[in-house]
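Visitor: I have a structure open and would like to go through it piece by piece. Can we start with a helix?

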Amino acid sequence: MTTRPLARSLAPLPEESLRGLLLRLACRLDRSPARIAFLCRLSRHQHRLPAEYLITLPAESTAALEAAASLRRGGADALTLSAMAASYPPLATMRLGGSRNMASARRTWAFNLSSRYCPNCLAGNGSTIQNTYGGPWKLRWHIPVSFACTAHSRLLEHGCPQCGGHPNRPSNTERQGLITQRTIGGLHPAQCRHLLASGPVGVSARTPLCAARLDQTACAAEQPGRDLVMMLALQRRIEQHLMPTKPSLATSDNNSNPEQHFFSDLITAAQLVRLSWPDSARFAPSSTVADLIARHIATWTALRENRSTGRRVRDAWAAPQSPAECGALLLAAVTLLGDRGQDGPALRERIQPLASAAFTRNEANTGAAFRRMDVSPDLSRALAQRSLGFNRAGGHHHARQHVPSRHCHFGIEHIPALASETWIGAHFGDLTSLWAPGDVWKPRHLRRVVSLKLVEMAGGGTWPQCAVILGIPWVTAQRSLTVLNRSLLPGGLWPLLDTAVETVAKELDAAALRVDFAARRRTLSTWQIPVEDLAALTVGLGRLADAESSLTRAAATALVWARVTQGDHLHSPSVEALREAQRSTQSLVSAIGQLQTPSNRKGTRLRFLQRINEHADGLAHALDEGRLI
């Protein structure tokens, strides 16, 4: 069907929404918004105007609207929020279809169907056309983080000054749509369309409408107070991200461009401030801002406490309705986030007490809700619940658990299963000096835990996930953590471990050359020492029993593997193969133990072990240089 142009159309105003244009067209043509929508081929069943048209228009509706309203190509899409989806992530993740998504939109701060407004903007700019039909209902007012008008240095309004109704919030007598009371005509675009009393919809002459002018509360510009100045500055910053003049440079390194997570971090921090109140009150930049947040929290808490047993609060995660309260909450969130380019530990020190309070006081799934938020790596690290320096292992794993706990120049591939004894001697003396001189096991557990923590720093994850990366059995990793836990926690010594590991990490960051231990482990996963190499190692060692036996070969293979990969010989492929075949490892482990036991390191056994180590060092150099074995 060919769409006929309207008899008299209007050019869209800058930033005008589809709803605003339809209201102005209805006023000019003296028709109801429902009739205008029908003429523009936007109506559906029962002349409904779907709410999702605020976000985007179907292709057929786009073409029909442009033809009917004499819009330029692309003009219809400019009336929707689709252009902001690229810069405002909550919009981009919206799934359309069905009224339930409107509740989802509020919960995720994607958009508000009920628009906030600036009376000064609605009053127009003094031009003839705007004096007659008013100024634009702006698209940005539907975005929850829009709370102020920077052009007129004032906060937005959110309710009718006469009836208290919210623009485009439907009454209980109609379904949620793009325009409330859409079948009633004869109203100015800036008039309130709310019913003063319940009654049948569509009887415009007899329906008691509020009809108050929302543009009559326009005020002259005054010198804004300190709090309003801060809110306006934040609003300008938000608008720079919401409607950027030029696209931001894409980067594969999220740490180098934290601004791409501006909105996600801002909304997450605002939720954290709200859920942890009053612990978060210290981040309110003034007492007035704190009072506004407290007022919102009181209303919000009452809503949650008065809910029916077993029922969820519909808008528990939604943005505050009041622009002043919303601006105050976002100001506190910005203060909490601080300098987005700062070092991560400072951010974590601010975030963690609030996260602990929020997760403790609220529903059990609060922590999981935060993990699902697509925030920057810095904020993700700061939010992560940790135990003994690792992301806390839980029943619900999420990709956010794999965010590294620091920005590292080294990778997980550069970490051995057992941290080198050189590192332990150089940086962990404060800990090892507390243990008995003959204790060989605690230092070994320490080496294992240090490696686990380095993997978590570079690759993220829980300690069991870090153990898998290093090829350490879960039980072994747990045992090492338990031993150090019992040794360090009672005396409050665990921070010494964290500090020393950070020193090792900095040393790895600065290293010009790093060993790829992961490549070594992969290459030697099926390797066995060649028979001729074993024969060369045993030349002249006549007293070494069973020098050419399969047991001796397996023991030598395990020892070479352990030295090359800096791993534990008990987890070498030779030993693991016996375990997988459900065969006893006792003989092999005993043979290795006889070579490694300090009291046995003499004579023939000592020379054999020295040759094995020399062979392993040569093999390591060959692997690092890419030469074939």
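Guide: Take helix H17, residues 441–459, in what is a predicted model. At 1.5 Å a residue, its 19 residues should span 27 Å, and the end C-alpha atoms are 27 Å apart, so the two values agree.

Visitor: How many residues of H17 are buried?

Guide: In H17, 14 of the 19 residues are buried, so to speak of it as mostly covered follows the cut-off of under 20% relative accessible area.

Visitor: What comes just after H17?

Guide: Gly460 does, with a positive phi of about 75°.

Visitor: Which residues other than glycine have a positive phi?

Guide: Ser70 is one of them, with phi of about 55°. Gln181 is another, with phi near 50°. Most residues other than glycine have a negative phi.

Visitor: Where are Ser70 and Gln181?

Guide: Ser70 is in the loop between helix H3 (59–68) and helix H4 (89–92). Gln181 is in the loop between strand E2 (154–155) and helix H8 (226–242).

Visitor: Buried or exposed, for Ser70 and Gln181?

Guide: Ser70 counts as exposed because its relative accessibility is 52%. Gln181 has 1%, so this residue counts as buried.

Visitor: Where is there a cis peptide bond?

Guide: The bond that joins Trp277 and Pro278 is cis, with omega about 10°. Pro278 sits in the loop between H9 and helix H10 (287–305).

Visitor: What about H9 itself?

Guide: Ala269 is in helix H9, residues 262–275. With a relative accessible area of 1%, Ala269 is buried. Ala269 touches Ala333, Leu336 and Leu337, leaving aside residues up to four places away in sequence. Ala269 and Leu383 are 114 residues apart in sequence, yet their C-alpha atoms are 9.8 Å apart in space.

Visitor: How many residues are in the largest nonpolar core?

Guide: That core has 105 residues, and Leu42, Leu65, Phe111 and Leu330 have the most contacts inside it. Helix H11 (residues 323–337) gives the largest share, 10 residues. Another core, of 34 residues, lies apart from it and includes Ala419, Leu446, Val449 and Ile472.

Visitor: Why would nonpolar side chains be buried together?

Guide: I can only give the general rule: in soluble globular proteins, they tend to be.

Visitor: What does Leu42 touch?

Guide: Beyond four places away in sequence, its contacts include Leu18, Leu22, Pro50, Tyr53 and Leu65.

Visitor: New topic. How many disulfides?

Guide: The count is zero. For Cys163, the nearest cysteine sulfur is that of Cys192, 3.6 Å away. The sulfur of Cys210 is also without a bond, because the closest cysteine sulfur, in Cys160, is 3.6 Å away and that is too far.

Visitor: How covered are Cys163 and Cys210?

Guide: Cys163 counts as partly exposed, since its relative accessibility is 30%. Cys210 is at 7%, so Cys210 counts as buried.

Visitor: And Ser420?

Guide: Ser420 is in the loop between strand E4 (390–391) and helix H15 (421–427). Its relative accessibility is 12%, so Ser420 counts as buried. Ser420 touches Arg447 and Gln566, again leaving aside residues up to four places away in sequence.

Visitor: What about the protein as a whole?

Guide: The protein has 26 helices and four strands. Of its 629 residues, 50% count as buried. The accessible surface comes to about 29900 Å², and 51% of that belongs to carbon and sulfur atoms.

Definitions and conventions:
Residues are numbered from 1 along each chain as its sequence is written. This is a predicted model: local features need pLDDT of at least 70, side-chain atom pairs count only at pLDDT 80 or more; totals for chains, interfaces and linings use all residues. Side-chain values use heavy atoms; hydrogens and water are left out. Helices (H or I, at least four residues) and strands (E, at least two) are DSSP runs, numbered from the N terminus. The expected span of a helix is 1.5 Å times one less than its number of residues. Buried means under 20% relative accessible area, exposed over 50%, partly exposed in between (1.4 Å probe, protein chains only). A nonpolar core is a set of buried Ala, Val, Leu, Ile, Met, Phe, Trp, Tyr and Cys residues joined through side-chain atoms within 4.5 Å. Contact means heavy atoms within 4.5 Å. A disulfide is a pair of cysteine sulfur atoms within 2.5 Å. Accessible areas come from the Shrake-Rupley method with a 1.4 Å probe; for residues, only the protein chains shown count as cover.
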